[in-house]
Amino acid sequence: MTMTHNQNSSIPNLYSLRRCPYAMRARLAILKSDTPVILRNITLSNKPPEMLTVSPKGTVPVLVISPELIIEESLEIMLWVLAQQDPNNLLQIESPHLLLQMFQLISRFDDEFIKCLTQYKCASRYREENIEQKRQDCEVYLAILERRLNQHHFLISDQESLADIALFPFIRQIAKVERQWYLQSPYPKLRAWLNRYLQSAEFTKVMVNPPFWEKTQSAFIFT
């Protein structure tokens, strides 16, 4: 959806990269919160000066809510939009112990699993001899998710939560590294969980691919 500039002065701007998993999870939270944003699709080889002015670190996602309120981390963006409205109750605020579990699981995967995933992808790309070891390092974390999904439909409970949409883009990545191995791996519940997202209409919306943003073009409203 597009909208002219004079109609959108109060809508936050989201600088995003389509395939970046951090940006992907931010967009998924934005979509699930029914919070409209102006999507500014960028390319890393030509970062817009407007983004670098508000966020000199030069990574996505960046949510510009106002000149005084700029959020530069994906999880913080997710929490901010869900604090505005959470129609699917992804934060499950009526169960503080579950919210704590979400944070603990996301933190462990962000701090530990993503490093293992990066090494595994590099081992595959460069055909390194230690690829099996790097895969096994990742499997420690896949097994954690498989055990959780053997207990309930989603990672925290029988209800979808912040943890599911925060981890999904990274599980999507590992499923692509050695596709044949993944399809035969001992994680059937995890595969079913991932497929539920990949085959959803929401994922199609999240992966929208507007033209790379330019200052002169009409705003692309993502909602």
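This briefing describes the overall form of one protein chain, its internal cavity, and several of its individual residues. The model is a predicted one, and the values below are computed from it. The chain contains nine helices and six strands. Its radius of gyration is 18 Å, close to the 17 Å that the globule rule gives for 223 residues, so the chain is as compact as a globular protein of that length.

**The chain as a whole**

- When the C-alpha trace is laid along its principal axes, the chain spans about 55 × 45 × 30 Å.
- Of the 223 residues in the chain, 51% are buried, a class that is kept for residues with under 20% relative accessible area.
- Among the contacts in the chain with a separation of 6 or more, 71% are between residues that stand 24 or more positions apart.
- The chain exposes a surface of about 11300 Å², and carbon and sulfur atoms supply 52% of that area.

**The cavity**

- A search through the whole structure finds one cavity of 30 Å³ or more, and the space in the largest cavity comes to about 30 Å³.
- The lining of this largest cavity is made by Ser16, Leu17, Arg18, Arg27, Leu39, Asn41, Val208 and Pro210.
- Sorted by character, the residues of that lining divide into four nonpolar, two polar and two charged.

**Backbone details in the loops**

- The peptide bond that joins Val60 and Pro61 is cis, with an omega of about 5 degrees, and Pro61 itself is found in the loop between helix H2 (49-54) and strand S4 (62-66).
- Asp34 is not a glycine, and yet its phi is positive, at about 60 degrees; this residue is found in the loop between helix H1 (21-33) and strand S3 (37-41).
- Asp34 counts as partly exposed because its relative accessibility is 47%, which falls between the 20% and 50% limits of that class.
- Asn89 is likewise not a glycine although it has a positive phi, here of about 55 degrees, and its place is in the loop between helix H3 (74-84) and helix H4 (96-125).
- Asn89 also counts as partly exposed, because its relative accessibility is 23%.

**Thr223, in the segment after the strand S6**

- Thr223 lies in the segment that comes after strand S6 (219-222), and it counts as partly exposed because its relative accessibility is 47%.
- Although Thr223 and Ala29 are 194 residues apart in sequence, their C-alpha atoms are 11 Å apart in space.
- If its neighbours within four places in sequence are left aside, Thr223 is in contact with Leu31 and Pro36; to be in contact here, residues must have heavy atoms within 4.5 Å of each other.

**Two exposed helix residues**

- Thr204 has its place in helix H9, which covers residues 201-206, and it counts as exposed because its relative accessible area is 57%, a value that lies over the 50% limit.
- Measuring from C-alpha to C-alpha in the model, Thr204 and Ile131 are 32 Å apart in space, while along the sequence they are 73 residues apart.
- Gln184 lies in helix H7, which covers residues 179-184, and it counts as exposed because its relative accessibility is 63%.
- The C-alpha atoms of Gln184 and Ile70 are separated by 43 Å, and these two residues are 114 residues apart along the chain.

Methods:
Residues are numbered from 1 along each chain as its sequence is written. This is a predicted model: local features need pLDDT of at least 70, side-chain atom pairs count only at pLDDT 80 or more; totals for chains, interfaces and linings use all residues. Side-chain values use heavy atoms; hydrogens and water are left out. On a 1 Å grid over the protein atoms alone, a cavity is a set of points where a 1.4 Å probe fits but cannot get out, and a pocket is an open set with protein on both sides within 12 Å along at least five of seven lines; lining residues have an atom within 4 Å of a point. Grid points are joined across faces, edges and corners, and a volume is the space filled by probe spheres set on the points. Ala, Val, Leu, Ile, Met, Phe, Trp, Tyr, Cys and Pro count as nonpolar, Asp, Glu, Lys and Arg as charged, and the others, Gly among them, as polar. Helices (H or I, at least four residues) and strands (E, at least two) are DSSP runs, numbered from the N terminus. The radius of gyration is taken over C-alpha atoms; the globule rule is 2.2 Å times the number of residues to the power 0.38. Buried means under 20% relative accessible area, exposed over 50%, partly exposed in between (1.4 Å probe, protein chains only). Accessible areas come from the Shrake-Rupley method with a 1.4 Å probe; for residues, only the protein chains shown count as cover.
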